[in-house]
Amino acid sequence: MDAVYKAPHYMECYLLATQCYQLAIDIFLSEHKLHLAAGLYMELASVLQALGNTQEAMIFFKSAGHLYQVSK
């Protein structure tokens, strides 16, 4: 599995996927669909955590929690 993370295009794909999630989140936020945006934050955070990027995942978990709170 370590070979996957060392592949030349891994970081490029990682960054593009993160940007795609962020763009989708921004669209949901602009439409005031906070629960959907929060769900995407949770999904992204879970994937990042599974990949071992715990600090980055924490940022998205916090964002999801905040959106869930304000959307009630």
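Start by selecting T18, which sits in helix 2; helices here are DSSP runs of H or I with at least four residues, strands are E runs of at least two, and both are numbered from the N terminus. The model is a predicted one, in which local features need pLDDT of at least 70, side-chain atom pairs count only at pLDDT 80 or more, and totals for chains, interfaces and linings use all residues. Residues are numbered from 1 along each chain as its sequence is written, and side-chain values use heavy atoms, with hydrogens and water left out.

**Stop 1: T18**

T18 has a relative accessibility of 14% and therefore counts as buried; buried means under 20% relative accessible area, exposed over 50%, and partly exposed in between, with a 1.4 Å probe and protein chains only. Show its contacts next, where contact means heavy atoms within 4.5 Å. With neighbours within four places in sequence set aside, T18 touches L44, E56 and F60.

**Stop 2: the whole chain**

Zoom out and colour by secondary structure. The protein chain has four helices and zero strands, in the order α-α-α-α from the N terminus. Of its 72 residues, 19% are buried. Take the contacts between residues at least 6 apart in sequence: 45% of them join residues at least 24 apart. A surface display corresponds to an accessible area of about 5200 Å², with 65% of that belonging to carbon and sulfur atoms; the areas come from the Shrake-Rupley method with a 1.4 Å probe, and for residues only the protein chains shown count as cover.

**Stop 3: helix 2**

Select residues 10-30. This is helix 2, with 21 residues and a reach of 30 Å from its first C-alpha to its last, close to the expected 30 Å at 1.5 Å a residue. The expected span is 1.5 Å times one less than the number of residues.

Which residues of helix 2 are buried? They are Y14, T18 and I25. Looking down the axis of helix 2, the buried residues fall within an arc of 25°, so they line one face of the helix; the arc is that of the directions from the helix axis to the C-beta atoms. Turn to the other side of helix 2 and C20, L23 and I27 are exposed. The cover over the buried residues of helix 2 includes helix 3 (34-50) and helix 4 (54-70).

**Stop 4: H32**

Move just past the end of helix 2 to H32, in the loop between helix 2 and helix 3. What is its phi? H32 has a positive phi of about 60°, although it is not a glycine. Most residues other than glycine have a negative phi. At 68% relative accessibility, H32 counts as exposed.

**Stop 5: A37 and A38 in helix 3**

Select A37, which belongs to helix 3. A37 is buried, at a relative accessible area of 0%. Not counting residues up to four places away in sequence, its contacts are I25, F28, L29 and L67. For a distance label, use the C-alpha atoms of A37 and I27: these residues are 10 apart along the chain, and the separation is 8.3 Å.

Then select A38, also found in helix 3. A38 is buried too, with a relative accessible area of 0%. Neighbours within four places aside, A38 is in contact with A64, L67 and Y68. A second label can join A38 to S63, 25 residues apart in sequence and 7.2 Å apart C-alpha to C-alpha.

**Stop 6: helix 4**

Now select helix 4. It has 17 residues and reaches 24 Å from its first C-alpha to its last, close to the 24 Å expected at 1.5 Å a residue. Its buried residues are A57, F60, A64 and L67. These cover an arc of only 85° around the axis, which puts them on the same side of helix 4. The face turned away from that buried side carries the exposed residues Q55, I59, K62 and Q69. Helix 2 and helix 3 are included in what covers the buried residues of helix 4.

**Stop 7: helix 2 against helix 4**

Finish with both helices shown together. Where do helix 2 and helix 4 meet? Y14, T18, Q22 and L29 in helix 2 meet E56, F60 and L67 in helix 4. The two helices pack at an angle of about 10°, with their axes 14 Å apart; axes are lines fitted to C-alpha atoms, for helices over the stretch in contact, and angles run from 0 to 180 degrees between N-to-C directions. Helix 2 and helix 4 are therefore roughly parallel to each other. Angles under 35 degrees count as roughly parallel, over 145 as roughly antiparallel, 65 to 115 as roughly perpendicular and the rest as oblique.
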